[in-house]
Amino acid sequence: MDPSTIKDVVLNVREPVVLKDVEIPWFCFDQTLPEWLNLLDQSNDDGNGFLLDCGSRRSGRSPQWERLRGQVRKSMTDFYKESTADNDEYFRENWASYSYRYINELPEECRKGITFDCFGFPDIAEDISFWIGSRGAHTPCHYDTYGCNIVVQVHGRKRWLLFPPEAKLKPTRVPYEESSVYSEENFYSPEAYSKVIGVENEAFHVDLEPGMALIVPPKWWHYVETLEFSLNFNTWIQLESDPEEQISECLTRLIIQDYSKGLNLHNLNHLLNPNEMSSIASTPPDELQSTLGYLLNQRLPEKRSRTNRHPSNYLPMSELQRLLSTHKDHIIPVQKLQNHEFFQLMKLNSQRYDPSRNRSSDDEEDNRRATNAINRTCNPQLIDLLKSSLGESSS
């Protein structure tokens, strides 16, 4: 498939698809994973290794939020050797990851040739993230509030469990992370079937293998778990519809920032994702107001054409179906699980459930009250009302 065809697929599919046998001219595909990791180690100037996030293979009823994780420092070579060894005591009980890192952190030898030109987006060479993780590393179920996602698996395998935007999941803005809406459901170590009933007929599943590229359409929920030591890259494609979602996110952030004033560190650690702790406190309200004004300005048609945002869903459904049929050997729809297949997977994952790990800040009364208050205040319907009033006042 040529890049322009792939671009049409990325911007128009309504359900996730996997692209196979795409010519991806990235140097990392020509290296073994140990070779690539060794090059990354050589760029570590202080020689002290990398600070990895880590978590237990067993978990309680709540998702394994980032605030519940620990950290361990290792070289990438040691990380790979120890986590893939059969007899390593630490990694029998734990997983670790070095994830959601920007590509500009990599030395040139590790990022050689990595752009999304072959997918039809030649301008994307910097806004790229990389993810490294051992078996068991995972991301709690969430959706991204704007953009669509291209994920390229380079080494190892990752399991993706996806749900459509309308799936009956329970959204929460706690822990708060800009542009991410988490689900309260725990797919890593579910306590019981009753905790995941309601989405068994809406689950899509794929195990992503090296050379595959996954296209995640806007606002699709996804839970992601590493099946074996893995390296993948991804980028989010900016869409013309993004400013509306970014306005919502900006209003949400203003509410979160205002609510956070005066809270003690313990409560903040519960309410905010770790990567938001410093930015919430350091971003002046005037700066957020300025950002909001800029985004409102982007609603104007004459302003939209000056951005790098892309149109989406512009192909008629008949044309999209024709394109998918023509390239059916290379564009593989992600399969929906049968009801019993979903519950079999949940039964397997429930073996990780450990009731002794249930005690957390989620159970504290003041944190429960704060979570409920934020979820009520940041309810999408209320945010839409605020957006409407802003539109009226600016017209």
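**Close-up views of strand pairs, salt bridges and a buried leucine**

**View 1. Trp160 stands opposite Val206 in strand β10.** This is a predicted model, in which local features need pLDDT of at least 70 and side-chain atom pairs count only at pLDDT 80 or more, while totals for chains, interfaces and linings use all residues. Residues are numbered from 1 along each chain as its sequence is written, and side-chain values use heavy atoms, leaving out hydrogens and water. β10 covers residues 204–208 and pairs with β7 in the antiparallel sense through 5 bridges. Strands (E, at least two residues) and helices (H or I, at least four) are DSSP runs, numbered from the N terminus; two strands pair if DSSP finds at least two bridges between them.

**View 2. Strand β7 also pairs with β11 and β12.** β7 spans residues 148–163, and 15 of its 16 residues are buried (under 20% relative accessible area; exposed is over 50%, partly exposed in between; 1.4 Å probe, protein chains only). Strand β12, made of residues 221–237, runs antiparallel to β7, with 14 bridges joining the two. Look for Leu161, whose bridge partner in β12 is Tyr223. β11 (residues 213–216) is another antiparallel partner of β7, over 4 bridges. Here Val151 stands opposite Leu214.

**View 3. Asp207 and Arg159 form a salt bridge** (side-chain nitrogen of Lys or Arg within 4 Å of a carboxyl oxygen of Asp or Glu). Their closest N and O atoms are 2.9 Å apart. Asp207 belongs to β10 and Arg159 to β7, so this pair links distant parts of the chain, 48 residues apart. Which side of the burial cut-off does Asp207 fall on, buried or exposed? Asp207 is buried, because its relative accessibility is 19%. Arg159 counts as buried too, at 18%.

**View 4. Arg173 forms a salt bridge with Glu249.** The closest N and O atoms of this pair lie 2.8 Å apart. Distant parts of the chain are linked here: Arg173 sits in strand β8 (residues 171–177) and Glu249 in helix α6 (residues 242–260), 76 residues apart. Both Arg173 and Glu249 are buried.

**View 5. Helix α6 also holds Arg253, which pairs with Glu276.** In this salt bridge the closest N and O atoms are 3.0 Å apart. Glu276 is found in the loop between α7 (265–271) and α8 (277–282), so the pair ties together parts that are 23 residues apart in sequence. Arg253 is buried, at 10% relative accessible area, and Glu276 is buried as well, at 6%. If you would like to explore further, the structure holds 17 salt bridges. Arg58, Asp354 and Arg357 are linked in a salt-bridge network.

**View 6. Leu295 is buried in helix α9.** α9 runs over residues 285–297, and the relative accessible area of Leu295 is 7%. Which residues does Leu295 touch, not counting those up to four places away in sequence? They are Pro243, Gln246, Ile247 and Cys250, where contact means heavy atoms within 4.5 Å. The C-alpha atoms of Leu295 and Glu245 are separated by 9.7 Å, although these residues are 50 apart along the chain.

**View 7. Leu385 is an exposed leucine.** Leu385 lies in helix α14, which covers residues 380–394. Leu385 counts as exposed because its relative accessibility is 58%. For the wider setting, the chain has 14 helices and 14 strands, and buried residues make up 51% of its 395 residues.
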